[in-house]
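Colleague: I'm new to this structure and would like to learn how to read it. Could you walk me through some features with me?

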Amino acid sequence: MSGGIWVGRGLSFRGFGHYFPRHSERIPADLPEAPEMEAAVLGPDLGVERRHLSDDTESVPYMAVEAGRHALRNAGLEAGDLDLVVFSSWSQRRYAPEDGPRIAMRLGAGRALAFDVCAACVGFVHSVQTAAAMLTSHQWRHALVICSDQFSRRLKPGRRGSYVGGDGAGAAVLEVGAPDDSRLRDSVVLSYGEHAGVSKARGSDGWTVSLPTISQVAAATAGEATDLVLRRNDMTIADVDRVVPHPGSARISDELVRRIGVAPERVLTNLRTRGQTTSATIPSALSEFTESGELRKGNVILSPAAGAGWFSGALLYQL
């Protein structure tokens, strides 16, 4: 199942933000040996050298609000300017009440419609597509997308694989501008019921369990979303300046890079320094790399993702 943004309606990213917990730890050099299935999932390189772990005060909503404030500052906007807040999270997911309305309230976005979405690691792509669809079908101007997760708490402690997960939040402000200045070119989200069992977490506190096939499935499905979004815009991977993906793990990232045929030096992720923060990985990386200058105005960027559900997706946009 796929959906596209209305190209040419003047949608663009105006600002990005991120928040990482105060506590940061370096991954030990003497990690325990992984069981056979876990080793098949992760591969020889964990891909993470440092990660952030939230304390009891740094809840998923707290991190979301901090990242949202950062994005609003970078966009030069106030919370009262927002028409829409879309919040993505899965690691501490609530059924009722949802977190989105309270996050909007804490931000001071009193007139904005706010709600939650999911899609695990594809949460940012799904949220941007949802926000874009609503901005183009209403007479609205500004939307804030926020992704916040505590992935470290959904991995069984003591195992090698538990050191992949980190906590954090990322956010992006979407703006409707002139119809002939569309920088958010296209988006696609796909779903695959046949791969629903590839990665799962049972219950509200259950540990995440993934099958050894996850890297192949992730690369294949994110590659399919990439092919579709490039083809719809008469582009190839050579037309893209930078790829900012959801990496998942070092093995998944390597498989995806090979699948879409991009040179590794054109790929930017913060997996190695922040850990795998699921839905927050893409927006937090965009925030960090725009602030550092590694991503610059005018860059054409592709952001593919795949994750539990099973979902894949891709965003194509210009800064």
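Colleague: Let's start with Ala-238: is this residue buried or exposed?

Modeller: Keep in mind that this is a predicted model. The general idea is to compare a residue's relative accessible area with two cut-offs: under 20% is buried and over 50% is exposed. Ala-238 has 62% relative accessibility, so Ala-238 counts as exposed.

Colleague: Where along the chain does Ala-238 lie?

Modeller: Ala-238 is part of the loop that links helix 5 (214-232) with strand 11 (242-243). You can also relate Ala-238 to Ser-215: they are 23 residues apart along the chain, and their C-alpha atoms are 24 Å apart.

Colleague: And what about Arg-160, buried or exposed?

Modeller: The cut-off for buried is under 20%. Arg-160 has a relative accessible area of 13%, so Arg-160 is buried. Arg-160 sits in a loop too, between strand 6 and strand 7 (167-176).

Colleague: Which residues is Arg-160 in contact with?

Modeller: Setting aside neighbours within four places in sequence, the contacts of Arg-160 include Leu-31, Pro-32, Ala-34 and Glu-38. Also among them are Leu-42, Gly-43, Pro-44, Asp-45 and Leu-46.

Colleague: Now a helix, please. Which residues of helix 3 are buried?

Modeller: First, the general idea: an α-helix has 3.6 residues a turn, so residues three or four places apart point the same way. In helix 3 (residues 100-107), the buried residues are Gly-100, Ile-103, Ala-104 and Leu-107. Looking down the axis of helix 3, these buried residues fall within an arc of 100°, so they line one face of the helix.

Colleague: What do the buried residues of helix 3 pack against?

Modeller: Their packing partners are helix 2 (60-75), strand 4 (84-88), strand 5 (113-117) and strand 6 (142-150). Right after helix 3 comes Gly-108, with a positive phi near 95°.

Colleague: Let's step back to the whole chain. How many helices and strands are there?

Modeller: The protein chain has eight helices and 13 strands. Of its 319 residues, 59% are buried.

Colleague: How does the radius of gyration of the protein chain fit a compact globule?

Modeller: The idea is to set the value beside the one expected for the chain length. A compact globule of 319 residues would have a radius of gyration near 20 Å, and the protein chain, with 18 Å, agrees with that. Contacts add to the picture: among those between residues at least 6 apart in sequence, 81% join residues at least 24 apart.

Conventions
Residues are numbered from 1 along each chain as its sequence is written. This is a predicted model: local features need pLDDT of at least 70, side-chain atom pairs count only at pLDDT 80 or more; totals for chains, interfaces and linings use all residues. Side-chain values use heavy atoms; hydrogens and water are left out. Helices (H or I, at least four residues) and strands (E, at least two) are DSSP runs, numbered from the N terminus. The radius of gyration is taken over C-alpha atoms; the globule rule is 2.2 Å times the number of residues to the power 0.38. Buried means under 20% relative accessible area, exposed over 50%, partly exposed in between (1.4 Å probe, protein chains only). Contact means heavy atoms within 4.5 Å. The arc is that of the directions from the helix axis to the C-beta atoms.
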